[in-house]
Amino acid sequence: MRARTASTSEVSLITRKAQRALRSIKRTKSASVKVTAMSAEKITKSDAEWKNELTSQQYQVLRLKGTEPARTGEYDKFYPSEGHFVCAGCGNPLYSAESKFNSGCGWPAFDKCYEGAVDTNIDNTFGMRRVEIVCAKCDGHLGHVFENEGFTPTAERHCVNSVSVKYVEGACDKKEAKVIDGNSIAGNAQNAMSMLIRPAFYFTIGYTALNVLANSATSVMTHNAQ
Ligand SMILES: [Zn+2]
């Protein structure tokens with residue numbers, strides 16, 4: 001039994017729907033990048049100044065976006081009951097002691113940050129979403145943020161290099177928040193949708209074309225036989 005061939009109007013409806021979905025995904029992506037580019041008073045220093053002020057490991061990670069080896073960081077297994085963590089480059093308060101949790105990943109993990117303290121750079125190349133986190137004040141590389149892993153209610157894991165931060169005692173009264181807003185999380189879901197829509201779209205087009213060809217061949221053969 002042969003499957004029913006999609007009509008031309010059905011194909012054009014599918015095409016329009018897929019195009020609409022892709023347009024909406026593009027709009028959401030650009031909006032999320034804009035929203036997460038939070039502002040803070042920037043600290044700008046020359047490369048030579050940073051090199052002079054930081055240890056070579058801090059320089060490698062903070063300025064050259066390196067990563068310390070897993071399970072080697074000073075704060076990997078450090079869970080203070082009070083205090084907070086500041087940027088090792090500029091002293092900007094980033095994370096409370098309460099936001100630190102044990103993810104078992106080998107680097108310090110935090111489930112939220114002080115509001116506006118951390119900026120994100122979203123990289124969607126090769127169909128993979130990677131979200132880099134940097135200090136909003138000095139742009140120092142902290143690590144990456146991962147979403148929806150189910151560790152804590154915020155559904156965020158800030159995977160941070162120990163050398164990028166410094167623990168200080170005492171409270172910081174800044175409000176805490178997730179770094180990725182609702183739009184971005186919706187964008188994330190739409191990214192997943194786009195990964196489903198594209199193959200489904202191309203499969204439908206290919207399948208329909210094959211059916212049309214098969215139908216024409218059958219009709220030619222039937223015609224010839226008559
Ligand atoms: Zn900083």
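Q: What percentage of the 226 residues in the protein chain is buried?
A: This is a predicted model, where local features need pLDDT of at least 70, side-chain atom pairs count only at pLDDT 80 or more, and totals for chains, interfaces and linings use all residues. Residues are numbered from 1 along each chain as its sequence is written. A residue is buried if 20 or more other C-beta atoms, placed from the backbone, lie within 10 Å of its own. Of the 226 residues, the buried share is 25%.

Q: Which strands stand at the edges of the open sheet S2-S1-S10?
A: Strands are DSSP E runs of at least two residues, numbered from the N terminus, and two of them pair if DSSP finds at least two bridges between them. The pairing in this sheet is antiparallel. Two strands each have a single partner, so one side of each lacks a neighbour in the sheet: S2 (93-96) and S10 (165-168).

Q: How many bridges join S1 to S2?
A: S1 covers residues 84-87 and runs antiparallel to S2. Val86 stands opposite Pro93 in S2. The bridges between S1 and S2 number 3.

Q: Which strand gives the most residues to the largest nonpolar core?
A: Such a core is a set of buried Ala, Val, Leu, Ile, Met, Phe, Trp, Tyr and Cys residues joined through C-beta atoms within 7 Å. This one has 28 residues, and Cys87, Leu94 and Cys113 are among those touching the most other members. S1, S2 and S8 (141-147) are among the elements giving two or more residues. The top contributor, with 4 residues, is S7.

Key: Buried ≥ 20, exposed ≤ 12 C-beta atoms within 10 Å, placed from the backbone.
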